[in-house]
Amino acid sequence: MIDQYKQTFQDEARELVAELESALLELDERGDDPEVIGRAFRALHTIKGSGAMFGFDDIAGFTHGLETAFDRLRNGKLAATRDLINLSLAAGDQIKSMLDEAAGRGVADQRRSADILAELQQLTVTGSEPDGATPVLPESATNRPLRDWRIRFRPKAGVLVNGTNPLLLLRQLRDLGSLHIDLDTSAVPPLGEIEAERSYLAWNLVLRTAAAPEAIRDVFIFVEGDCELTIERQPELAADVGISEPPPKRILSNGSVAGSEASTSVRVSAGKLDQLVNLVGELVTVQARLSEFANGRGETEILEISEVVDRLTSALRENSMSIRMLPLKTTFERFRRLVRDLSLELHKDVELTIEGADTELDKTVIDQLNDPLVHLVRNSMDHGIETPEVRRAAGKRPSGTIHLSASHSGANVVIRVSDDGRGLDAEAVRARAVERGLIDASARISKSEILGLILAPGFSTAREITELSGRGVGLDVVRRSVEGLRGTIEIESEAGAGLAVTLRLPLTLAIIDGLLVRVGQAHFVLPLANSLECVELTQQDIRETHGRHIANVRGELIPYIRLSEYFQIERPQPDCEQIMIVDTEDGHYGFVVDQVLGDHKTVIKNLGRLYRNVQVISGATVLGSGALALILDPHRLVQKVVQSTSGKRQAARWSGAVAKQDSR
Amino acid sequence: MPKVILTVDDSASIRQMVRYTLSEGGYSVIEAVDGKDALSKLTMPVNLIITDLNMPNLDGIGLIKTLRAKSSCKGVPILLLTTESQESRRLEGKAAGATGWIVKPFVPQQLLAVVKKVLG
């Protein structure tokens, strides 16, 4: 490969020397023409630059002297005298003979090079310009003690336009050690005055690192002059203030600062926290009753009290929920070991990168997230990332990367597992799905729908079964767990370029955003996340479908389930019913109810042990009136109904179901 | 999706070297022979531009100024390829809106490190 470069360089350099000569001759005839000088300069510049890069150091060194002269010429600090032109022509010849020597033809006279350079020196007034600093790669911290550095960084407003991403700078700092970040938003103007392209933020950072101060400075090398930057050593004793990590043992054993850290956090058992959340849940329910009662009475005094209690209750609820929030860090970090061990076992070279490990999520969600994540990472290791040989042959870096990231998005947390492995071939997936009878051979479905098929039960594209995954337990397990957490899952892939699985999960399981519906006197809650729309079911619709429990919604045939029939609720038949259309694993289904009452944010209560086997109901909630509403699990409900009606295949619906994973 | 990098240099050997190094690093690379050519190739979005300073038709500084004036290219990182003797030109490039620079000669690892620095 390198030889090929050298050949390219030689050909190019010869052309450039010819270009130089013609420019010099023109210069001789016409005198100082900036355009021509520019041409000569560029030729020299390129010879020098490429020469040094491909190992022609002698040529680069020699050309450098000449280039310096032409740079001065270009800036008008030197005149294009005949002497200079003659000397430059001689220098061009010298470059040619050096090229010949490199190509194995003849030997260049080194003394002559030195002579020409010496003469050039005489012609041009010496005075070297300052050298530009090369960005230095952060050197590995070797044996230097850990130190704390206080860094204040305020980029100028225009850095974003210039392509600087402050986030990347912070990440580079974090690579050096443990970083405590404080964002200073004091300079952010009122919303109306904010210009999206400008940066208004500043950061106060404490970095604990063994790296040299130069390495810290190097992180900011490209923004020097474009920012206010102070980097100073933090005195040892004050180091622990503002850093969430415990101080190193060394300091503790000295006994000088022990104690100052003691009151910042308290360990509480998870059981006590659950109890707290339960009690708050009760309180929220009672509060709902209180405010309903107060509203009904219309007495200002009690209304006022109720409003205050309302405010306090919501604050208390938010607060107790936040206590259960934990960073994903420990869950994510565990994967380092997994990836390392699997790399050895599979003879693959895999690097794990982690982003957003401090994203917080309800402890109960985190606990249930571990298994699906292990599954996804294993899947990437096993089927995604290729062996170094295969990767090299495909023109990729021999080492693969698995990237774990987490971020907040509204009331959800988005977790992404991506790899740069072989990806999924949509056609192969499709073929397999047809083979397995999951879709019809003639089905016309989009790429994302096809990729979604790998989440179907019993689907696997791996040709052979290995030690780790691919033993028939497929990604449907992941899908089920994620949906158990009321989350959604999305797959993107480019054949040959990698695969990314995005999980979208609610922040907490203790609260549900639901739609409250009524059937007769009974109330039910359907999860809002899966609800698509709500349409009327008229007597005419029922007549037209001859009672087949199918509704025609804008051309789409949607099967429906009557909650009144399923739960055997006896009530006079209402004139008009409503269908809640819900996105389930088996496609769109409708749930027929008497009335949709509206959205309902509520605390989920467990039904207790006696009802543990009732799968279609995921919990219950107490309404403001004191009445109970059951929270339905639409997926399970549909499965139950489908199982009980007949054994007919629902697989054909897969194509429709998976496509809607990301839609709300 | 691999990130796309546009390399702008009038030297074929430098372009070749940049292309090889970056493709090895998992990026996808498009080439332009000078600033003018680069502008004509920027119909598709790129994640990073690496440009030489001295080029015919439109040089590096001119290219950066033109790009920074286009709304679609604000915020796209631009790296300058400079030589050690060009401190003043480098500052000029920074002032025009360059994100960073790479000093020639460089070895592949240095190029990749700097690219990673601005692309993340």
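These are my notes from a first look through a predicted model of two chains, A and B.

**Entry 1: confidence**

I started with the scores. The model comes with an ipTM of 0.83 and a pTM of 0.41. For chain B, I found a mean pLDDT of 86, with 98% of the residues at 70 or more. Where in chain B is confidence lowest, and where is it highest? The low end is helix α4(B), with a mean of 83, and the high end is strand β1 of chain B, residues 4-8, at 93. I'll come back to α4(B) below.

**Entry 2: chain B, overall layout**

Next I counted elements. Chain B has five helices and five strands. Walking along the sequence, I read the pattern β-α-β-α-β-α-β-α-β-α. Chain B has 120 residues, and 55% of them are buried. I also checked how far apart in sequence the touching residues are. Taking contacts in chain B between residues at least 6 apart, 57% connect residues at least 24 apart.

**Entry 3: the sheet of chain B**

In what order do the five strands of chain B sit in their sheet? I wrote down β2-β1-β3-β4-β5, an open sheet with parallel pairing. The edges are β2(B), residues 28-32, and β5(B); each has a single partner strand, so one side of each has no neighbour in the sheet. Going from neighbour to neighbour, the strands are turned by 20 degrees on average, ignoring direction.

I then zoomed in on one pair. Strand β3(B), residues 48-52, runs parallel to β4(B), and four bridges join them. One partnership I looked up there: B:D52 is bridged to B:L81 in β4(B).

Two helices on this sheet went into the notebook as well. Helix α1(B) packs on the sheet and touches β1, β2 and β3 of chain B, with its direction at about 170 degrees to that of β2(B). Helix α5(B) also packs on the sheet, but touches β3, β4 and β5 of chain B, and its direction makes about 175 degrees with that of β5(B).

**Entry 4: back to helix α4 of chain B**

Which residues of α4(B) are buried? The helix covers residues 87-96, and I listed B:R89, B:R90, B:G93 and B:K94. Why do they line one face of the helix? Looking down the axis of α4(B), I see the buried residues fall within an arc of 145 degrees, so they share one face. The general reason is handy to keep: an α-helix has 3.6 residues a turn, so residues three or four places apart point the same way.

What covers these buried residues includes α3(B), residues 60-69, β4(B), residues 78-83, and β5(B), residues 100-104. Just after the helix comes B:G97, and I noted its positive phi, near 125 degrees.

**Entry 5: chain A**

Then I turned to chain A. I counted 20 helices and 21 strands over its 664 residues. Buried residues come to 33% here. For contacts in chain A between residues at least 6 apart in sequence, 69% join residues at least 24 apart.

I picked out a sheet of five strands, open, in the order β19-β12-β13-β21-β20 of chain A, with mixed pairing. Its edge strands are β19(A), residues 595-603, and β20(A), residues 617-622, and each pairs on one side only. From one strand to the next, the twist averages 35 degrees. Strand β12(A), residues 511-519, runs antiparallel to β19(A), with eight bridges between them. In that pair, A:V517 has A:V596 of β19(A) as its bridge partner.

I also stopped at a hairpin. Strands β15(A), residues 550-553, and β16(A), residues 556-562, are antiparallel and share four bridges. One of the bridges links A:N552 with A:L557 in β16(A). Two residues lie between the strands, and A:R554 in the turn has a positive phi of about 45 degrees.

**Entry 6: where A and B meet**

Last, the contact between the chains. How many residues does each chain put in? I found 40 from chain B and 41 from chain A. On the chain B side, α1 (12-24), β4, α4, β5 and α5 (108-119) each supply at least two residues. The largest share on that side is from α1(B), with eight residues. Sorted by class, the chain B side has 15 nonpolar, 16 polar and nine charged residues. So α1(B), α4(B) and α5(B) from my earlier entries turn up here again.

Note on methods: Residues are numbered from 1 along each chain as its sequence is written. Chains are lettered from A and ligands numbered from 1 in the order in which they are written. This is a predicted model: local features need pLDDT of at least 70, side-chain atom pairs count only at pLDDT 80 or more; totals for chains, interfaces and linings use all residues. A residue is buried if 20 or more other C-beta atoms lie within 10 Å of its own, exposed if 12 or fewer, and partly exposed in between; C-beta atoms are placed from the backbone. The arc is that of the directions from the helix axis to the C-beta atoms. Two residues are in contact if their C-beta atoms, placed from the backbone, lie within 7 Å. pLDDT is the predictor's confidence in each residue, from 0 to 100. Ala, Val, Leu, Ile, Met, Phe, Trp, Tyr, Cys and Pro count as nonpolar, Asp, Glu, Lys and Arg as charged, and the others, Gly among them, as polar. Two strands pair if DSSP finds at least two bridges between them. Axes are lines fitted to C-alpha atoms, for helices over the stretch in contact, and angles run from 0 to 180 degrees between N-to-C directions.
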